[in-house]
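Please load the model in your viewer and keep the selection panel at hand. The tour below goes from one selection to the next and says what is found at each stop.

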Amino acid sequence: MQKEEFTITVYTENHIGLLVRIATMFSRRKINIESLNTSPSEAEGIHRFTIVINEFEEVVRKLARQIEKQVEVLKAYYNTNDEIIWQELALYKVSTDEIAEKVKVERLLREHGARAVVIRKDYTIFETSGHREETDKLVEVLAPYGLIEFVRSARVAIIKASHGFHEKLREFEEAQPGEEQIENEFLDKQSEVFTM
Amino acid sequence: METLATVQETTVTKKTKTISGSQAVLEAFIAEDVDTIFGYPGGAIMPIYDALYDYHDKLKHILVRHEQGGIHAGQGYARTSGKCGVVFATSGPGATNLVTGLADAMIDSTPLVCITGQVYAHLLGTDAFQEIDVINITTPVTKWNYQITDATEIPAVLAKAFYIAKSGRPGPVLIDITKNAQLQQFEYEGYQPCTHIRSYRPKPIIRKEYITAAAELINKAEKPFIIFGQGVILGKAEKEFKAFVEKTGIPAAWTILGLSALPSDHPLNVGMLGMHGNYGPNVLTNDCDVLIAVGMRFDDRVTGRLDKYAKQAKIIHLDIDPSEIDKNVKATVGVWGDCKETLPMLTKLVESKVYPQWVNRFREYQLEEEKEVIHEELNPSTDVLTMGEVIRNLNELTGGNAVIVTDVGQHQMVACRYAKFNQSKSNVTSGGLGTMGFALPAAIGAKFGAPERTVVAIIGDGGVQMTIQELGTVMQSEVNIKILILNNEFLGMVRQWQQLFHDKRYSFVDIASPDYVAVAKAYKIEGQKISQREYLRDALTTMLNHNGSYLLEVMVGKENNVFPMVPQGCSVSEIRLK
């Protein structure tokens, strides 16, 4: 078994201190978080954490269950890269003179799908989004032309197979747990062991 | 951040009255049936203590000598009463002194609600006097924590705190309340207990297919073996567990926290698991064909080397915490649920059976252990007193009816191995965290949690010196506990390891003791010290019959070891008898 990139999606309440509680799940096990994003989700009042780590599936599964155990966490999913659609946003600051002078730069930006966000006399800011390799590539090609500043956002990801959280949230709000609440990926995926 | 108070929707017609945040805290306690608080006042929690002055007829407050003592007392109370322990501490050092107890309660799943005072909200983050970020410090050692800066939040947050602490897999909750919120007057609409939090699933609906699968495995088994932990006690499922054991006829062994859930003299109780557990249960773990784990978490002190643990067996794991299933040992069938509910379902589906040959194998190992270890420990042939014979005499005098509170180390292992129990919630010890200094304060709490019972704190000469200041609490609260110090003039467990694994290089384990009887006397506690066998029985009798707390120090063999032992890194079946 090999370490692999996993994206963990966590649906939570909006609660001060929850970020620390979730972050310590990783730091306690000495696992480096590659990228972490928090944002609203499709369900009102529910926050969504997107966390990327490089780990063995076994470790990720246990982690997801420890995270889900936290009182303010509604659900934690983990997915491999082929199960999600993801993007990262990157910003690049380049000298405006440099772009004006060198036609090649303009071509490069165009090739990499970059879009100008701000153009000033002294500098121009471009934006691209994509996978890490794509945004990295543009850093590489801009370097010879004096890349002044570069920043990249955390990954945001959509789970291909997900039907969203609206239905689930309704279930969670019921005082008596419904079918959804008894789902347990771990137990259910073990069906083969029941053949005695 | 919206406040939690908005979640608590109440009808407009409800009558309100103006009270302070502090009063709201105490009203919540009364509504939650709290009767005893262990605590220590200080600047930032003074408004709550001021309010407590008017509630002293409804709420008993035990003034401890250190906040660590307070929280361990809360744990002891929770463990013998089956209720939620409640602890007060002030901000800053008061709060940080709770951390060890929180960690202990977290790992041993003890329900606690701790209230800490905090500086005024406008001073947060300014390094104010006695300000500490207690929420972040306690996050990894609490099931839930929350800071209140507005009194209107208090009723709903406290309701949530008690609900979370007690439900599902219990655990400690810490609520930090800023001083302004304690002082703030607000329109109080009454207390509504919390019964549901949408993001929190204390227990699931039990899935019948897993029960069926588990029952099928059990019915086909030839050498099944039950191992049980504190889940049986926390789930208040002792009766259901006993019925399950008796119908299936399967031998059952316990973890240190499962001790007392099944009476010691039950014919199917085959003893203790783990590092210093009994011979048979350890060896036969690696021989059984179906291992049924009930409310236990496969701690490394129980399993020894994991890759050689019960590899031959199909494993059924009943637990209320889904993250425990598969965490350390892969389950063939995981039964997620409260064992109070899952055990009767399982009992219904299993066949009534007996396994005479299989049970007999446990007996055979038992006989060998008796011969090699137990007989000499309980009836020594030399003049030197052993810890085991002290426990044996205690058993004979209490008839197995006492609550035994132990500290951590050799005496803990010996006490848990040999103490007899007739009823549940009788063994109070620091299992997961191994907190030295736990026993004395925990025994105080244990007595308040079970006032009608005899409480004996068995403590080593190392552990007792860690929280000896709680003798002050014993004195002032006039609690009746029996303090039994087993003094081997060493930090015995570490010494044992140094002897066995570090070439007898006794590095800083030689610990001096004060005159404990004199110390006790200074606290107005009667006591005596003995070092000869002829006085043992009488001394124990005097201790038990004394009207009030009593300290008995027994000098035991300096370099006695606890056996059997599964050395670290070894498989349970490699357990050593010497």
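Begin by selecting strand S1 of chain A, residues 4-12: seven of its nine residues are buried, so the strand is largely enclosed by the rest of the structure. Here a residue is buried if 20 or more other C-beta atoms, placed from the backbone, lie within 10 Å of its own, and strands are DSSP runs of E of at least two residues, while helices are runs of H or I of at least four, both numbered from the N terminus. This is a predicted model, in which local features need pLDDT of at least 70 and side-chain atom pairs count only at pLDDT 80 or more, whereas totals for chains, interfaces and linings use all residues. Residues are numbered from 1 along each chain as its sequence is written, and chains are lettered from A and ligands numbered from 1 in the order in which they are written.

Next, add the strands that pair with S1(A), where pairing requires that DSSP finds at least two bridges between two strands. Strand S3(A), residues 47-55, runs antiparallel to S1(A) and is joined to it by nine bridges; within this pair, A:Thr9 has A:Thr50 as its bridge partner. Strand S4(A), residues 73-80, is also antiparallel to S1(A), with seven bridges, and here A:Thr7 is partnered by A:Asn79, while A:Val10 stands opposite A:Ala76.

Now show the whole sheet, which is open, has four strands in the order S2-S3-S1-S4 of chain A and pairs in the antiparallel sense. Strand S2 (35-40) and S4 of chain A are at the edges with a single partner strand each, so one side of each has no neighbour in the sheet. From one strand to the next, the twist averages 20°. Add helix H2(A), residues 57-69, which lies across S1, S3 and S4 of chain A and runs at about 165° to S4(A); axes are lines fitted to C-alpha atoms, for helices over the stretch in contact, and angles run from 0 to 180 degrees between N-to-C directions.

Finally, turn to the boundary between the chains, where 31 residues of chain B are in contact with 29 residues of chain A, contact meaning that C-beta atoms placed from the backbone lie within 7 Å. On the chain B side, select helix H6 (134-138), helix H9 (208-220) and strand S14 (333-336), the elements that give two or more residues to it. Of these, H9(B) gives the most, with five residues.

Notes: Contact = placed C-beta atoms within 7 Å. Buried ≥ 20, exposed ≤ 12 C-beta atoms within 10 Å, placed from the backbone.
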